[in-house]
Every structure is written in structure tokens, then in C-alpha cells.
Amino acid sequence: MSDIDRLERVWIFISAGILALLAAAVVYAAFGLDIHVPSGMDVVNARELNSTPPFDQPGLYPDGPPGHYRAVMVAHAFAFEPKEMRVPSGSTVHFVMTSKDVIHGFRIPNTTVNLKVVPGHVIETTHRFTKPGTYHFFCHEYCGAGHHVMGGELIVEPNS
Ligand code: CUA
């Protein structure tokens, strides 16, 4: 009987230990490695985008060191602003997006860029474009009658 108690106690310690390790791993990933799940915690008033920086001026802007850009984009039925951007090959583009109306998507095939663009929220991602070419992007969340034409392109120009 007391043996069973002892075994139970051992297993309780092992289980608690595993939980503590997992919790420690989560804390370490968040604070030690700075890994975060996209939170969508940055909020914005979707009705006032026209007067809310940076979304009052969507566009592609130099961002810090050479070769870094910030793409401020607004999604709305049924287009992206801007719908065409050009960067030199090797550029790192930081996308900052929101939606003016309904939920849209933003995907650039053959890259890691794949976002859900929710009105009222600011969503961001970064990608480095090393291969020259025309990268078509499009909306991949059904958003209405013009969903299938909602897209644009990022042109990555070869370095001369
Ligand atoms: Cu926007 Cu589908």
C-alpha cells in the first residue's frame, strides 16, 4: 500500500516537472528568444484610416538601413493600396497592413508572406526578396463579388 503511495508521489512529481518544463520553455521562447505568435494586438479604427498614420498614406517607404523597405498597405473591397511596388533584389520588405472594410487575405506565393487582414487590426510580416521577378500577390479570404480580382504585384528588380 505504501509502495503505491510512493509510486503515485513519484509520478505526480514527474508530471508536475514536465508541466514546469513546458511552462519554462514557453517563457523562454517568448522572452529569451523573442518569439511571439502574431497577436493582432495593435488596433486601429477602420473607419478613420484616411486620417490615421501610417495608413493615411499607403505606399512603399525606405525603412532604416539601405535595402530595407516598409510597405504600408490598406486592403479594401476589392483592391490593395498600393497595388504595385518595386524594390531592388535583395531587399527586405516589412509589410504593415490593415483592412478598411471586411476580412481580406494577403498572400505572395513562393514566399512566407501569408496574412489574414482583419479590419481594426494591424498585421505585420517581413520578407527578404532575393530573387528578381514579378511577385503577384492576392487576397485569399473570400470577401465578396470582386474577391477573385483582388490582387497586385511586387516587382523585384535585378541589381545592375
Ligand atoms: Cu479581399 Cu478576397
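**Exercise 1. Locate Gly120 and describe its surroundings.**

Solution. Gly120 sits in the loop between strand 7 (114–117) and strand 8 (123–129); strands (E, at least two residues) are DSSP runs, numbered from the N terminus. The structure is a predicted model, in which local features need pLDDT of at least 70 and side-chain atom pairs count only at pLDDT 80 or more, while totals for chains, interfaces and linings use all residues. Residues are numbered from 1 along each chain as its sequence is written, and side-chain values use heavy atoms, with hydrogens and water left out.

Next, consider accessibility. Gly120 has a relative accessible area of 15% and is therefore buried (buried means under 20% relative accessible area, exposed over 50%, partly exposed in between, with a 1.4 Å probe and protein chains only).

Finally, list the neighbours. Leaving aside residues up to four places away in sequence, Gly120 touches Asp42, Val43, Val44, Ala46, Thr98 and Ser99, where contact means heavy atoms within 4.5 Å. For Val44, the C-alpha to C-alpha distance to Gly120 is 4.8 Å, although the two are 76 residues apart in sequence.

**Exercise 2. Examine the aromatic pairs that involve Phe106.**

Solution. The structure holds 6 aromatic pairs. Rings of Phe, Tyr and Trp (its six-membered ring) pair if their centres lie within 6.5 Å; planes under 30 degrees apart count as stacked, over 60 as edge-to-face and the rest as tilted.

Begin with Phe80 and Phe106: their centres are 5.4 Å apart and their planes at 65°, an edge-to-face pair. Phe80 belongs to strand 3 (residues 79–81) and Phe106 to strand 6 (residues 104–107), so this pair ties together parts 26 residues apart in sequence. Phe80 is buried at 2% relative accessible area, and Phe106 is buried at 0%.

Then take Phe95 and Phe106. With ring centres 5.5 Å apart and planes at 55°, this pair is tilted. Because Phe95 lies in strand 5 (residues 91–99) and Phe106 in strand 6, the pair ties together parts 11 residues apart in sequence. Phe80, Phe95 and Phe106 are among the members of one aromatic cluster, which also includes Phe129, Tyr135 and Phe137.

**Exercise 3. Describe the largest nonpolar core.**

Solution. A nonpolar core is a set of buried Ala, Val, Leu, Ile, Met, Phe, Trp, Tyr and Cys residues joined through side-chain atoms within 4.5 Å. The largest has 24 residues, and Met73, Phe80, Phe95, Phe106 and Leu154 have the most contacts inside it. Strand 2 (68–76) is one of the elements giving two or more residues; its share, 4 residues, is the largest. A second, separate core of 7 residues includes Leu49, Val72, Val74 and Val122.
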